Every structure is written in C-alpha cells, then in structure tokens.
Amino acid sequence: MATSTPRIEQQDTPQGRTLMVQGAWTAGDLTARPAWDALTAQLKGLDKGQSASSWNLTGLEKLDYLGAQLLWNHWGREWPANIELEDAQRAVLETVAKFPVTPVKKTKADWRAPLVGLGERLFSFVDHLRSLVRLIGQLLLDIIRLIRHPQEAPLRDFSGHLYHIGATALPITALVGFLIGVVLAYLISQQLRQFGADAFIVNILGISLIRELGPVLAAILIAGRSGSAITAQIGVMRVTEELDAMRVMGIAKGFRLVMPRALALAIAMPLISVWTTIAALVGGMLAAWVAMDITPSYFINALPAAVDLANLTLATSKSVVFGLLIALIGCHYGLRVKPNTESLGQGTTASVVTSITVVILVDALFAVLFKNVGV
C-alpha cells in the first residue's frame, strides 16, 4: 500500500485501542475511486462497532478541507473523547466544525405542485390576454384620434417603420419564397409524373402558394425579423427609462409607439405577402419547366384559370390581420419588459414564439371559416 493512500490503522496501546489516521487526506487523493471505496469500507466497518475512543492524527501527511469534512461527518459532528493532533490539523477541523456542510435532504414530491404550476400558467395567460385586449382597445382609440386630428399624425415614425419593416424585408422574403417554390415544384412533380397529370402542377402550386403558403411564410419571416425588433426597441426604451420620460412629458405611448408600428405592418404585410407569393411562383414555374417541361408561357396562361381571384383577396385579408397581430404582440411584450437585460431577452424570445404561434392559429381559423371561398 502506498504511504500516501488515505487509510485508518488500528493499534493496541496500554491506554486501549487507538485509530491511527495515515496517508494524505486531500481532495486529490480522496477522489480517486479505489482509495475512496477502500476508505468508505473502513469507515463503515468502524460504524458497525469497531470504533475506538482514541484517535491519532499525527501520522497524517496532508489534510485539507475535504478530508477534515469526511472525518468530522464520521465523528457525528462532535469531537472524540480522546484525540491527538497537531495545531494545523486542529485549525482545519475547527474551521469545518464552524462551517459544516449539511447534506441536502431529499424532499418528497408534493402532489399539489403540478396544480399550482397549472394555476400560475393560467393566471399568467389571462393577464397577458387582458393586457393584449387593452392594447387593442387603445389602438382603436388612437386611430379615432388620428382620424379626428390628422395633423397630429406621427408621419415620420410611420414612414420609418414602413421602410424598415417593409422595404428592407423584400430581399430575404423573395429568396425564401423562391426556394420554397422550387422545392414544392420538385416534390409535386415526382408525384404527378406517376399519374401523367403534369399539367395539374399549376393548380397545386397556385392554390397552395397564393392561398396559404405565401401569406403564412411572409408572416413567419416578418414575425421573426420585425416582431422581435419591435419588442427589442420598446424593451430597450424601458431599460433606458425612456418610457418613464415619455410618461412624465405627457406623451401617449400608444399614439407614438404602438399605432405607427401597427399601421405600418398592416399596410406592409399584404405587399410583402404578394411579393413572397410572386417569388415562390417564379421558383415553382422555373422548377416545373426544368423537371416537367411545363413552359413558363403555359404556366402564366393557366394560372388565372386554375386559381380564382377570391384566393388572392382572402390571402390579402389574412395578411392584414397577421400584420396587426404581429405588431400588437411585439408591442405588448416590449411594454412588459422589466428594466434589466435578462427580461429584455426573455421578452424578445416570447414575442417571436407567440407571434408565430398566433399566425398559425389564425391561419387555421381562416381556413375553417372560408373553406368554400375560392375553391
């Protein structure tokens, strides 16, 4: 056995049996698995009736906090009746006795915890819903004020948001729409070719892209791009106390912050939706030309007959609703941000996730309510 291995040796003396603590009782030596298993077995053996009333620590090579804690726990957090040790060892043991490490007790699972968590989530949802309804009502009042006093309109804010939300989003939405159209066309062509129904690719691409995928894809992109930006902008204003300054100066937050963003998104969203749909149709048309020899001229001529105009009207109407909801949700979470950076990050994340979820839910609602329109 190595001399530095932590161990306990028993010696019989005229005063009785003495336990000699030997080796190096440090974290580096105790955490080695063989040494720990052997020492644990020794200590358990002493617990079963082989312990002595006298301890001798003078033979220790090294002793640190971990080794002292192990001895202190074995002694039952009390000093033995007879102990022989050096002053440095006593100082370490006295420190352990002064600042003991108490093992964490296992607590039984409370059956009420899931119910409490469910109740907290329910109340949080109701609180968010109430705040959102209040925000919608304030938006309606601000629009009425704008109609009555158009000279007070925040035109610079509105035009700036319209540019940043709409114009700067055109490249990414066109790229994503084009690629989605290509992918859909290739997947659909493989199935239609088996039945010799190549010409129906125009119908499938037209209905799916114009009625559903175009508006939803554009809304998801805008929710991740502009919805998060709205929350971050208003949240930073909360962190820097600009919102408090606006309140002190008597500037209405809804009229200057919420309404310009909501109107800008309501106007820009249908245009972005049409732009994304056109890009997707172009991608699908080129892919159909390459994969199925469907010429672009045939595709363009067959598209109006395959897709009723009501689908475009429905898609545009959905896009207006999507834009308003994304803006309101972004402003809602931005106004709820607390004056710290952690809350800002959480609010931005929650805004994006909620916006995308609401867009999909509203799209499903439109699909059910208007299932007979344009089909």
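In this predicted model, helix 5 covers residues 113-148, and its 36 residues should span 52 Å at 1.5 Å a residue; the end C-alpha atoms of helix 5 are 53 Å apart, which agrees with that expectation. Along helix 5, the buried residues are Ser131, Leu135, Leu139, Asp142 and Leu146. These buried residues pack against two other helices, namely helix 10 (253-292) and helix 12 (309-335).

A view from the helix 10 side is offered by Met259, which has its place in that helix. With a relative accessible area of 1%, Met259 is buried, since buried means under 20%. Once neighbours within four places in sequence are left aside, the contacts of Met259 are Leu139, Asp142, Ile143, Leu146, Pro154 and Gly254. Readers following the buried residues of helix 5 will recognise Leu139, Asp142 and Leu146 from that list. Met259 can also be placed relative to Gln346: the two are 87 residues apart in sequence, and their C-alpha atoms are 24 Å apart in space.

Just ahead of helix 5 in the chain comes the loop that joins helix 4 to helix 5, and Trp111 lies in this loop. Here the side of the story is solvent-facing in the accessibility sense: Trp111 has a relative accessible area of 65% and is therefore exposed, the cut-off for exposed being over 50%. Gln346 serves as a reference for Trp111 too, with their positions 235 residues apart along the chain and a C-alpha separation of 29 Å.

Attention now turns to helix 4 itself. Helix 4 (residues 87-98) packs with helix 3 (residues 65-74) at an angle of about 65°, and the axes of the two helices are 9 Å apart. Helix 3 and helix 4 are therefore roughly perpendicular to each other, as angles of 65 to 115 degrees count as such. Their crossing is right-handed. On the helix 3 side, the contact is made by Tyr65, Ala68, Gln69 and Trp72, while helix 4 contributes Val92, Leu93, Thr95, Val96 and Ala97. Sorted by class, this contact has seven nonpolar residues, two polar ones and no charged residues.

Finally, helix 13 (residues 341-369) is where Ser343 has its place. Ser343 has a relative accessibility of 13% and so counts as buried. Beyond its neighbours within four places in sequence, Ser343 is in contact with Val337 and Lys338.

Notes
Residues are numbered from 1 along each chain as its sequence is written. This is a predicted model: local features need pLDDT of at least 70, side-chain atom pairs count only at pLDDT 80 or more; totals for chains, interfaces and linings use all residues. Side-chain values use heavy atoms; hydrogens and water are left out. Axes are lines fitted to C-alpha atoms, for helices over the stretch in contact, and angles run from 0 to 180 degrees between N-to-C directions. Helices (H or I, at least four residues) and strands (E, at least two) are DSSP runs, numbered from the N terminus. Angles under 35 degrees count as roughly parallel, over 145 as roughly antiparallel, 65 to 115 as roughly perpendicular and the rest as oblique. A crossing is left-handed if the near helix is turned anticlockwise from the far one by less than a right angle, and right-handed if clockwise. Contact means heavy atoms within 4.5 Å. Ala, Val, Leu, Ile, Met, Phe, Trp, Tyr, Cys and Pro count as nonpolar, Asp, Glu, Lys and Arg as charged, and the others, Gly among them, as polar. The expected span of a helix is 1.5 Å times one less than its number of residues. Buried means under 20% relative accessible area, exposed over 50%, partly exposed in between (1.4 Å probe, protein chains only).
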